[in-house]
Amino acid sequence: MQRFRIEGGKSLCGVVDIQGAKNSILPIMAATLVADGECVIENCPDISDTHTALEILRTLGALVKHRGNTVTVDCRNVLDYEIPDALMRKMRSSVIFLGALLSRHGKAVISFPGGCELGPRPIDLHLSALEKMGVTIREEFGCLFCNGTVLEGCEIPLAFPSVGATENIMLAAVRAKGTTVITNAAKEPEIEDLQNFLNEMGANICGAGTGTVVIRGVNGLTGCTHRVIPDRIVTATYLCAVAATRGNALLRGTCPQHNRALVSVLRQCGCELEEQGDLLRIACDNLLAARRIRTMPYPGFPTDAQAPFMGLMCVAKGSTVFVETIFENRYKHIAELQRMGAHITPEGRVAVVEGVRRLHGAPVQATDLRGGAALMIAALAADGITEISDIYHIDRGYERPEQVLSQLGASILRVEH
Ligand code: EPZ
């Protein structure tokens, strides 16, 4: 198993390029299933979740070529509609293939994604929406057998602005009969990226990012070429890493407006941030606590930035009260941060972080993708050596983090154990 070995205490300075968005590339990969042509996807992040999504497409019969950060997918010969359980278990977000498989085949078989590191990960909003569109769903032996030869457009008010449910409905509706209107839809930038990708294929979708998405069903969809938006959570993570080490760095290839909530909080914490086009510069020499952070659907403070930002607040002056409103159990990183000397008191969805002058290195374990990022940030700021195990979690969403951080002057090695 691999680990990261980090010697903390070095200020991160220099220039880093931000990868394409993991949470865009996954629904976009699913969307290639509805194209009657070859799709070329640029700025594709080289992370394990991308590889899993490509493995699912190959298993279904797609032709896939992967060269650096450009992926070519041709689904014209895809006849299969069942995703093997082993692949579903590798990545919970594989449920996003459901809508696209129904759109293409009128049927789909996936295993129930089940609970995961962030607490129960229900898909009731996905399933009830698809049933409204005429899909019959039978659950047996932990699998979902879905059938919907004719998908009917309809009004779908979402009880919660679920990102995945919004994306699944868009993918099921894109070739449905009539018009589908999703209200209380998720507004995340990745929804807009998916809308743009589908429209580049000839779909007729509008409203992504506004909370009301209108999808008019069309017949033929062609292949297209698309560049994936920057990863706003990777951007957030490296901003926190630079701030935690009192560094000064320039992030290139970002989309500053996708990070408004975090940038505003970092400024309140005493960081200097400058935006210019796709450049984001951060400098920090005196870090104050944010006092109160409440995760919210976009454009609020992103739940995916909660753990990395908590890693930063562990070494800020003062206390910060975190309220995690999106997921039930997204504090597993706290116990690992406490092993490094962090003063954190969790209570249900609330966690109070009292900043300390210095953390100390320790052997810690990544509990999930963003929890692992929090540990990297804490380790970079800590005195001494930290070894992070189970870094396969981090590799799901971060492209070679040890290279990115070394480029900024960090002392970090990926070691085999
Ligand atoms: C997406 O997950 C992201 N993943 C998550 O990023 C992100 O944290 C989340 O959106 C919220 O922004 C991808 O895009 C691949 P949701 P998703 O449906 O779609 C409840 C990361 O670290 N819910 O918006 O699964 C659910 O339990 C990952 O990159 C239902 O109750 O999130 C949760 O409490 C982690 N029923 C809340 O809604 C449903 O049918 C948000 O879920 C669906 C969701």
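Trainee: What makes the oxygen atom of the ligand and the backbone of glycine 164 a polar contact?

Mentor: An oxygen atom of the ligand lies 2.8 Å from a polar backbone atom of glycine 164, and because a polar contact is a pair of N or O atoms within 3.5 Å, the pair qualifies. This is a predicted model, in which local features need pLDDT of at least 70 and side-chain atom pairs count only at pLDDT 80 or more, while totals for chains, interfaces and linings use all residues. Residues are numbered from 1 along each chain as its sequence is written, and side-chain values use heavy atoms, with hydrogens and water left out.

Trainee: How do you know that the ligand lies between domain 1 and domain 2?

Mentor: Domain 1 (2-19 + 230-416) and domain 2 (22-227) both contribute residues to the shell around the ligand, so the ligand lies between them; the domain bounds come from an automatic or database domain assignment.

Trainee: Why is the pair of phenylalanine 301 and phenylalanine 309 called edge-to-face?

Mentor: Rings of Phe, Tyr and Trp (its six-membered ring) pair if their centres lie within 6.5 Å, and planes under 30 degrees apart count as stacked, over 60 as edge-to-face and the rest as tilted. Here the centres are 5.5 Å apart and the planes stand at 65 degrees, so the pair is edge-to-face. Ring pairs also link Phe301, Phe309 and Phe322 into a cluster.

Trainee: Why does tyrosine 238 count as buried or exposed?

Mentor: Tyrosine 238 has 2% relative accessibility and therefore counts as buried, since buried means under 20% relative accessible area, exposed over 50% and partly exposed in between (1.4 Å probe, protein chains only). Tyrosine 398, at 1%, counts as buried too.

Technical notes
A polar contact is a pair of N or O atoms within 3.5 Å; within protein, one must be able to donate a hydrogen and the other to accept it, and residues adjacent in sequence count only if both atoms are side-chain atoms.
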